[in-house]
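Work through the exercises below with the sequence and the model at hand. Try each task before reading its solution.

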Amino acid sequence: MRNWHAMPVKEAIKELAGDSDSGLTEQEAAKRLAEHGRNEISSGKKVSAARLFAEQFTSPLVMILIAASAVSFAFGKGIDGVLIIAIVIANGVFGFVQNYNAEKSIEALRSIGTPKALVLRSGKAYEMDSSGLVPGDIILLREGAKVPADCRIMESFGMRIDESILTGESVPVGKTADTLAEETMLAERANMLFMDTLLVSGRGKAIVVETGDSTEVGSIARSIASIEEEPTRFHREIEALGGKIGRIIVVLVAIIFSSMLLLHGAEPIDAAIMAISVAVAAIPEGLPAVVTLALSLSTRRMLARNALVRKLPVLENLGSVQIICTDKTGTMTENRMTVQRVFCNWKNYEATGTGMSTDGAFIHGGKTAKTAEISETLLCGMLCNDTITGVQQGSFTGDPTEVALTVSALKAGLSGAGWKRVKEYPFSPQRKRMTVVAEKAGRLVAYSKGAPEAIIGSCTRILADGGIGPLTDREKARLLGANDEMAGQALRVLAFAKKDMESAGGDAEQGMVFLGLQGMIDPPREEVSEALRTARDAGIRVMMLTGDNSATAMAIGKRIGFSDTMIGGAELAEMTPEEFGNAVMEHDIFSRMGPEQKFMVLKELKRRGFSVAMTGDGVNDAPALKEADVGIAMGIRGSDVAKEAADIVLLDDNFATIVEAVRQGRGVFDNIRKFVNYLLSNNIAEVLIVFIASLAGHLALSAVMLLWINLLTDGLPALALGADRPRPGVMKEPPRKSGAQIISTELGTLMLAVSAIITVIVLALFYYSLPRGLAFAQTMVFTSLVVYEFVRIVAIKRQEGTGIFSNKWLIVALAISMSLQLAILYGPLSSAFGTIPLAPNDWLAIILGGAIGYFLSMAATRIVVGMAMRREAAFGN
């Protein structure tokens, strides 16, 4: 890429064979368009609907189900095969719809239509789609325009550009056409314009030097492609769980088939059917559906809270995040400059209110100040200003600093009505000020605002207590001291002055009357402090990585609850790798951070084994967003490149939304762990019951009964468990450890204990009922397993400290499932299942067994949890 910033304007035009007066001809532009391609950033391959659908059937669990269905068909168990395939297809469609809608939503977030550019071609200026721009095109820029390509500035009339999307710098920067040194850093190239940045004030003319993927934005987008996206931790756990279940099933099928064939002399087909029945009992048919439902419901809740989740599994990943690396501007703060201090009449006034709201007051000594005391300073800020005030209240367009000054004046009830601007001296980096000459009722006044040292230096008098007097050198030093005091609080300070003019052509910027100072800042969001406390209560470390200066970063950090451990990007750049790693662990606020340094911080944290969420909005943040365990892009001010790289898009750019997403993610993991606990403890019991009974030559359950039990218990009740909302104390616990699995040692032990309890009780019922016939004994086992699995849900809800009534869908699911079981027992399908209607005394036996099982499972839970707590205490967690 050429160093365009180091070339004089004429040389750059010559290099590009352009024409500063008439621009390119249409023929030449068409030729260059064919050579360079359209001025668009490559977004990579779009995921097709067919591919999205196919991806729903690639997990090990789904493959096991498909295999089980195929075997069922092969051995004449068509009804079993149909039911399994129906479950698989339903789950696939469900997951596909959710992922497809997420992709469509992110497309809707992109810019609607192609941005326009005002281009000069064949001597005529006209507006066209910016995608048709080519190197050598001359473009004209006006306030509010989005820069359509990388350009070398030819003329600048007070141009100020918001480059935060590229550099992270929140304050708009002034632009010039001057030639710069070759070694000038990107953020300091004042004679360049970069794609997707915003012209907040002024106007100018520039020549396009790079388009599409050749722009600075494009080079960052290309770098993302080299980052290989890793599967989420949760995805790996689900795959591992599926693999374990698959291996266990193979062993069980082999043992049961062999025992039936060798010990009991069964026919091969009968032995195979029994083995398949046990395999069906062991397979958690509902797990893929529950995982998808739990993730999907949480993503919908998050969308209602302004967070769009692009990839379902990443939400659970967010629930296990240990560190959040967040930007400051717009995420922690409102992204709106607000005047908070006014200095005039040798007094300090505190301004209340934030953002675009004109509600507020000016307080001095605990009392509301009179408007006359501060009106001249505020009026100067309003008139020496290019803000456009909209029709709707709170609607302003312009430079954020000038908008803040306008709002400040409106809070005092001031108005610019009647004043007419007759001359303007735009801001320039050399003068460090902007001046306008305004006229009202025949009176000409020059109003000036700018850097305090520049304004104070041009003043010879001062307005104080309603009168104008001389401004001495000693008083100038006092004014500069007041400026330093405000700047020390991370306020951006501007000074204001005026001068009565005899004519518009006089010297407007010398011999002025000093009026006052206004200090402003982008204030923190009200809800951020509470969100930070919630995150820390949840054991999550929050790090602020900002491109802003140290004073601003520290001031905002202290106000929202950060410690004073801060370090700057320049210091980090001088450190050895070991020192860098130590600094990352010791500091929570990082100022003047470039995108490469943010990426290095992320890599260091991941190297140390942490699960990290990273926020970002600019194209420079995209590589880090893709590399992070959870990449979070800003929906309002974020670039398309950042949104493409992210896993989650915040529609309100609010840090508090991230904390809510963590809560939902933890809830998802809880729900899936509850489901696995419920499902596998029951399925293990089913397998043990069939297996132990088969060793004695008995068939405790038929294959159809087993499948029906799984359909009832793994179906609606299990899905309803996935709909549980996060429990109240979920954000009072630390993140789960990096090595923690869905089935922990504690949970595995508990599942085996509960399975053993259910197995003993059900087998006791089976052999108690066997003298009345095999069909009756099978009916007792069939019904008791359904009832006990529902009792198991009650026990699980009790273990987590909530009742079944906390989830209305669970009540409905249990009622429907129990009704279906009764319909089988007492309806026309009884003969198809081989069941016998049960009498009241039979139900009493089942209920008694259920009560015993419930109390024993609760006792087992207390024992297992107690052992786990003692083990953690012994090993220091």
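The exercises cover model confidence, salt bridges and a surface patch in this predicted model.

**Exercise 1. Confidence**

Task: Find what the mean pLDDT of the protein chain is, and where pLDDT stays under 50.

Solution:
- Step 1. The chain has a mean pLDDT of 85, and 87% of its residues reach 70 or more.
- Step 2. Residues 109-113 form a stretch in which pLDDT stays under 50. For this stretch the model has eight contacts beyond four places in sequence.

**Exercise 2. A salt bridge between two loops**

Task: Locate D196 and K146 and classify each as buried or exposed, or in between.

Solution:
- Step 1. The D196 and K146 side chains form a salt bridge, with an N to O distance of 3.9 Å; the cut-off is 4 Å.
- Step 2. D196 is in the loop between β6 (192-193) and β7 (198-210), while K146 is in the loop between β3 (138-141) and β4 (150-162). The two residues are 50 residues apart, and the pair links distant parts of the chain.
- Step 3. The partly exposed class runs from 20% to 50% relative accessible area. D196, at 22%, is therefore partly exposed, and so is K146, at 34%.

**Exercise 3. A salt bridge between two helices**

Task: State which parts the pair E627 and K603 ties together, and compare the accessibility of the two residues.

Solution:
- Step 1. The closest N and O atoms of E627 and K603 are 3.5 Å apart, in a salt bridge.
- Step 2. Because E627 lies in helix α21 (residues 622-627) and K603 in helix α20 (residues 595-607), the pair ties together parts 24 residues apart in sequence.
- Step 3. E627 has a relative accessible area of 16% and is buried, whereas K603 has 40% and is partly exposed.

**Exercise 4. A salt-bridge network**

Task: Describe the pair K674 and E800, then name the network that includes both.

Solution:
- Step 1. A salt bridge joins the side chains of K674 and E800, at 3.2 Å from N to O.
- Step 2. K674 lies in helix α23 (residues 655-695) and E800 in the loop between α27 (774-799) and α28, so the pair ties together parts 126 residues apart in sequence.
- Step 3. K674 is buried at 8% relative accessibility; E800 is partly exposed at 22%.
- Step 4. Salt bridges link K674, D724, K797 and E800 in a network.

**Exercise 5. A nonpolar patch**

Task: Identify which helix gives the most to the nonpolar patch.

Solution:
- Step 1. L716, W809, V812, I816 and L820 make a nonpolar surface patch of about 450 Å².
- Step 2. Helix α28 (residues 808-826) gives the most, with four residues.
- Step 3. L716 is placed in helix α25 (residues 716-722) and is partly exposed, at 41% relative accessibility.

Conventions. Residues numbered from 1 in each chain as written. Predicted model: local features only at pLDDT ≥ 70, side-chain atom pairs only at ≥ 80, totals over all residues. Heavy atoms only, no water. pLDDT = per-residue confidence, 0-100. Contact = heavy atoms within 4.5 Å. Patch = residues over 30% accessible without salt bridge, like charges linked within 9 Å, V, L, I, M, F, W, Y side chains within 5 Å. Areas by Shrake-Rupley, 256 points an atom, 1.4 Å probe, with all protein chains shown as cover. Buried < 20%, exposed > 50% of the residue type's maximum accessible area, 1.4 Å probe, protein only.
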